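Open the model in your viewer and keep the selection box handy. This tour goes stop by stop, from single residues to the contact between chains.

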Amino acid sequence: MSLRDAVARHVHDGDVVVIEGFTHLISFAAGHEIIRQRRRDLTLCRLTPDLIYDQMIAAGCAKKLVFSWAGNPGVGSLHAFRRAAEGGTLELEEYSHFGMVARFSAGAARLPFWSLRDYAGTDIPQANPRIKSVTCPYTGEALATVPALNPDVTIVHAQRADPQGNTQIWGLLGVQKEAAFASRRVIVVVEELVDETVIRSDPNRTLIPASIVDAVVIEPWGAHPSYAQGYYDRDNDFYVAWDGISRDGQSLDRFLDEFVYGVRDRAEYMQKQPDLADRLKARARFCAGVNYGF
Amino acid sequence: MTVVAARELRDGEVVFVGIGLPNLACNLARRTHAPHLVLIYESGAVGAAPERLPVSIGDPALVTGSLMVCGMADVFQLFLQNGRIEVGFLGGAQVDRYANINTTVIGSYERPTVRLPGSGGAAEIALHAQRVVIIAKLSPRAFPERVDFVTSPGRRVKRVITDRGVLEPDGPGGELMLTALYPGVQQSDIEAGVGWQLRSRPTLECVDPPTRSELQLLREVLDPKRLYLKG
């Protein structure tokens, strides 16, 4: 399925949308497609909104942001996010990383909440009344709780999947497994489509099974400027450049016009930047391999 | 400051590495006196051995050659909440008299003057690491009497490494006191960088200056592009 069709079918105005991936495997291709299809009033959830949600906020897709760390990693601020937050035009629901991870864990296990030893002495629960507490029935200890997060749709970028959607990821795993299992619909976007026999040759690497996947999209370089371990490096230069691009709304709009609205898909986005592939292509570092025999 | 922070770490310790200068300090320690330091990043890399300085805490170089890569639910539940982290290394926009850290907002939460990134893993690192070390540059704005928002409580903070000297709490959860000066720094320089009446230990330690090899590693090997070493 094309990304255009997958977004058209599975991402609707007003949805709770998760594009996960902690620095690694962030589906910028899907974010850009959502912007192109002008989805509105989305509740965007991610631990780290990163550049992709900064772009989606700037493009007017977001009504609300649910998050735990909203910065440009290694660089500084997310300026579109900051303008919206400081101007009071974006609803915020804020946790810590552990809180967000716990929300996905509860959602994935179909429990109403998750308990964690967290937040004592912090002001975070005052800023977010959805963080509550519960008394442990066994020890009497007061534990913090966070509500389950069950998105309407979760989009995960991955190295490879088979045509049914059995999806393998290596490198940083983030919370993609929990987010996918918590979600009502799941779109998987992959660097490579492989035969089911490839998946079966290394089943421990499968993070997301086909049974929970609604759409499989092949989109090489779909995570750029994020990265895909073993395929291409993170485009740190772009992350630094984003600081300048996003500092004022006009230069940000010019970026969206040229690289999002101005291209039809990821292939065109890559054709516009012919040096990217050479600059970022990963070198080979193969693992030793394991014996699955019995 | 980075060199002093690196010296805080003992060889073989398990350290939870935060973004920014802590990242640089931990990698310097690993290449000098603490080659067996176990670096854990909230991104899931355990026992990371990055061949290049990671720009972010989710850099691909943290994965290549690490001892283990796990999901973030495991990082927070099996390592941090389980009590397996010996040192938590944090930076912060604001640090107050009782070592509480603010990385959330300057001003009110509802209508902030400056919206900062938020907690990330900092709240739980501050609550669960056995010993918390903070790195922050002195200025009255960065060291107010009370932070505008407590993102990470100061209870487990053992040391605050600044650009001019070292502060330590007067007992667990106590107020920060000046305990050590860098070479050439006067006590009054540090008092001027703090927004409250800073008390000092009766005898102040003098911190050894960075060695040539520490500086060379920082400037030529770890951070030649000056990603972290600014100014």
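**Two backbone oddities in chain A**

Select Asp41(A), which is found in the loop between helix 2 and strand 2 (42–45) of chain A. Remember that this is a predicted model. Check the backbone here: phi of Asp41(A) is near 60°, a positive value in a residue that is not glycine. Most residues other than glycine have a negative phi, and most peptide bonds are trans.

Which kind of peptide bond runs from His224(A) to Pro225(A), cis or trans? Select the pair and look: the bond is cis, with omega near 10°. Pro225(A) sits in the loop between strand 14 (215–218) and helix 9 (236–245) of chain A.

**Helix pairs in chain A**

Go back to the helix that precedes the loop of Asp41(A), helix 2 of chain A. Select its residues 28–36 together with helix 10 of chain A, residues 249–261. The two pack at an angle of about 105°, and their axes are 10 Å apart. Angles of 65 to 115 degrees count as roughly perpendicular, so helix 2 of chain A is roughly perpendicular to helix 10 of chain A.

Now show side chains. From helix 2 of chain A come His32(A), Ile35(A) and Arg36(A). They meet Leu256(A), Val260(A) and Tyr261(A) of helix 10 of chain A. By class, this contact has four nonpolar residues, one polar and one charged.

Next, select helix 3 (residues 50–58) and helix 4 (residues 79–87) of chain A. Their axes lie 7 Å apart, at an angle of about 55°. That makes helix 3 of chain A oblique to helix 4 of chain A. The crossing of helix 3 of chain A past helix 4 of chain A is left-handed.

Which residues of helix 4 of chain A meet Asp54(A), Ile57(A) and Ala58(A) of helix 3 of chain A? They are Ala80(A), Phe81(A) and Ala84(A). The contact of these two helices of chain A counts five nonpolar residues, no polar and one charged.

**A three-stranded sheet in chain A**

Switch to cartoon view. Three strands of chain A form an open sheet in the order 7-9-8, with antiparallel pairing. The edge strands are strand 7 (113–116) and strand 8 (132–135) of chain A, and each pairs on one side only. From one strand to the next, the twist averages 40°.

Zoom in on strand 7 and strand 9 (residues 142–147) of chain A: four bridges join them. To find the register, select Ser115(A), which stands opposite Thr145(A) in strand 9 of chain A. Then add helix 5 (residues 97–109) of chain A, which packs on the sheet and touches strand 7 and strand 9 of chain A. The direction of helix 5 of chain A makes about 140° with that of strand 7 of chain A.

**A β-α-β unit in chain B**

Move to chain B. Select strand 1 (residues 14–17) and strand 2 (residues 38–41) of chain B, which run parallel and are joined by four bridges. Val17(B) has Tyr41(B) as its bridge partner in strand 2 of chain B. Add helix 2 of chain B, and you have a right-handed β-α-β unit with strand 1 and strand 2 of chain B.

Keep helix 2 (residues 21–31) of chain B and add helix 6 (residues 212–222) of chain B. Their axes come within 11 Å and cross at roughly 115°. This crossing of helix 2 of chain B past helix 6 of chain B is right-handed. Helix 2 of chain B brings Leu24(B), Asn27(B), Leu28(B) and Arg31(B). Helix 6 of chain B brings Glu214(B), Leu217(B), Leu218(B) and Leu222(B). By class, there are five nonpolar, one polar and two charged residues in the contact of these two helices of chain B.

**Where the chains meet**

Last stop: show both chains. How many residues does each chain give to the contact? Chain B gives 39 residues and chain A gives 43 residues. On the chain B side, the elements giving two or more residues are helix 3 (72–80), strand 9 (112–115) and helix 4 (122–128) of chain B. Color that side of chain B by class: 20 residues are nonpolar, 13 polar and six charged.

Terms used:
Residues numbered from 1 in each chain as written. Chains lettered and ligands numbered in written order. Predicted model: local features only at pLDDT ≥ 70, side-chain atom pairs only at ≥ 80, totals over all residues. Pairing = 2+ DSSP bridges. Axes fitted to C-alpha atoms, helices over the stretch in contact; angles between N-to-C directions. Contact = placed C-beta atoms within 7 Å. Nonpolar A, V, L, I, M, F, W, Y, C, P; charged D, E, K, R; others polar. Left-handed = near helix turned anticlockwise from the far one by under 90°. Parallel < 35°, antiparallel > 145°, perpendicular 65-115°, else oblique. Right-handed = clockwise from strand over helix to strand, strands pointing away.
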